[in-house]
Structure formats: structure tokens, C-alpha cells
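Me: Please take a close look at a single helix of this protein and at the part of the fold around it. I would like one connected account, written for a structural biologist.

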Amino acid sequence: METADTLRHFTLLRKVITQTGSGTIFFQAPKVQSGTVNIQDGKILNDDDTLTSLKKLLHCKSMIVCNLIASSKSSLNLPRCSETMLCQALNHVTFDHEMLMRLKKSFLKLPPIKVNMKPLHRYGYKDGLTYMMLYQESLKKECFTVSDFFSMRPAYVSLEQQIKVLILGYCLGLINPRRKESKNHPHRQVSHRMNIVHRIFNRIKNID
């Protein structure tokens, strides 16, 4: 599941985290110094330098370079946690109106989504209630979309709050495309069997 081309850095971050990859994301953006985010087995290095780089990465409007540089697994036992680092970074990042509109437009391109619940407050996220709202609303509608989430925004929740939980859920792999209903869905199987029984019964009646 990918967003617009201008937001490929989110997709790269998501891919490394969800596929428990290892390496260093190197990026450079206009008017922003380059930065690196070191990830091992899908876990982001938990230190101040990485947090600074991560905030820059999330805040970038466009990228000149954003690549994953493969590296051998570090033998150093350093603290790593993708949830904690993303929560801390988003707690301190603010987006201007232009950026919010670009992000909104990109997220609206996603197909119907399924949202998984995670107690993000345990990782220090300050707006766990908005994520809980996203999760609860997704349970109410079988074909839930990002458009539904934006349209039901109450007055006390800002667009920035919504955008941030979408970034958080997307990058952590908590937001995924909803699978299409299987042709072998239990209700469809029952209906198919009933039709067969009905046809057999009619044939027996005709024989009599």
C-alpha cells in the first residue's frame, strides 16, 4: 500500500519496519540538512540524533534523496523501538497548511483500510484518543476509507491530529488495505449449499 510519489519516504520507512529490515535510511531534502535513521530488525535506534533526523524526515515536503543503505547487523546492544521513536517525533512535529493539504490528498488515495489497535499511549504518544477514534470508526463500516475518517472529524479534533495518527498508523503498519470478501465466505458457502439442496428437491418433485 503506497501513498503519492512525494511521500515515498513514508513508504520506505513503513517497508523497513513492517518487514523487520535492517540498514540506514539516508535522506536529503531542499533547505534541510541530510539525516540518517538507523534501523535494525525493524526497530529504530533510540537516541537523540536519530530522533532529530526522524523529525526532519517526517516533516519533509519533498526529497532529493531517500534510500536505504544496507548494513550488517550491529553487535552493539543499543535500545531500539520504532513505536517510541515515531510517537516522540510526531509529538514535536507541526505541519503548515500546505503540507497538511498535500498529506491529506495523498492519504485520500489509499484504498479501503483496516486499522489495527495498539495502545500508543504506552509509547508516549500524546494523542492516543484520536488514534482510538480512527480505530473505532473503522469498526463501524465494512468498507471504511480515509475519506470517512476525515468527514467525521468532530470540532475538537484538528486536521493535523488526524494526519498525524494516519502517518503513525501507516508507518507502523497498523493501517493496511482491507481484504476483499472471499468467494468462500461462510455465508456464501451456506447460500450455495442451500441452492443445491433446493435444485435437488425440485428435481425429486418433478420425478414424482
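Reply:

**Helix H2 and its surroundings**

In this predicted model, helix H2 is built from 12 residues and spans 17 Å from its first C-alpha to its last, close to the 16 Å expected at 1.5 Å a residue. Its buried residues are Thr-50, Leu-51, Ser-53, Leu-54, Leu-57 and Leu-58. These residues lie on the same side of H2, because they cover an arc of only 165 degrees around the axis. The other side of the helix carries Asp-48 and Asp-49, which are exposed.

The account can be extended from H2 to a helix that packs against it. The buried residues of H4 pack against H2 (48–59), and also against H1 (8–18), H6 (146–151) and H7 (159–171). Helix H4 covers residues 97–107, and its buried residues are Met-99, Leu-100, Leu-103, Ser-106 and Phe-107. Their arc around the axis is only 130 degrees, which puts them on the same side of H4. His-97 and Lys-105, on the other side of H4, are exposed.

Two leucines of H2, Leu-54 and Leu-58, also figure in the largest nonpolar core. This core has 50 residues, and those that touch the most other members are Leu-13, Ile-44, Leu-54, Leu-58, Leu-86, Leu-134 and Ile-167. Helix H7 gives the most to the core, with 8 residues. When residues up to four places away in sequence are not counted, Ile-167 touches Leu-58, Leu-103 and Phe-107, together with Phe-10, Leu-90 and Phe-95. Of these partners, Leu-58 is a buried residue of H2, while Leu-103 and Phe-107 are buried residues of H4.

Helix H6, another partner of the buried residues of H4, contains Asp-148. Is this aspartate buried or exposed? Asp-148 counts as buried because its relative accessibility is 18%, and the cut-off for a buried residue is under 20%. Leaving aside neighbours within four places in sequence, Asp-148 is in contact with Lys-141 and Cys-143.

The loops supply two details of backbone geometry. Asp-41 is not a glycine, although its phi is positive, at about 55 degrees. This residue lies in the loop between strand E2 (32–40) and strand E3 (43–44). With a relative accessible area of 33%, Asp-41 is partly exposed. Thr-20, also a residue other than glycine, has a positive phi near 45 degrees. Its place is the loop between H1 and strand E1 (23–29).

The wider setting is a protein chain with 8 helices and 6 strands. From the N terminus on, its elements follow the order α-β-β-β-α-β-α-α-β-α-α-α-β-α. The chain has 208 residues, of which 41% count as buried. Among contacts with a separation of 6 or more, 73% are between residues 24 or more positions apart. The accessible surface of the chain comes to about 12,300 Å², and carbon and sulfur atoms account for 52% of this area.

To return to the helix requested, H2 has buried residues on one side, including Leu-54 and Leu-58, and exposed Asp-48 and Asp-49 on the other. Both of these leucines are among the core residues that touch the most other members, and H2 is one of the helices against which the buried residues of H4 pack.

Terms used. Residues are numbered from 1 along each chain as its sequence is written. This is a predicted model: local features need pLDDT of at least 70, side-chain atom pairs count only at pLDDT 80 or more; totals for chains, interfaces and linings use all residues. Side-chain values use heavy atoms; hydrogens and water are left out. Buried means under 20% relative accessible area, exposed over 50%, partly exposed in between (1.4 Å probe, protein chains only). Helices (H or I, at least four residues) and strands (E, at least two) are DSSP runs, numbered from the N terminus. The arc is that of the directions from the helix axis to the C-beta atoms. Contact means heavy atoms within 4.5 Å. The expected span of a helix is 1.5 Å times one less than its number of residues. A nonpolar core is a set of buried Ala, Val, Leu, Ile, Met, Phe, Trp, Tyr and Cys residues joined through side-chain atoms within 4.5 Å. Accessible areas come from the Shrake-Rupley method with a 1.4 Å probe; for residues, only the protein chains shown count as cover.
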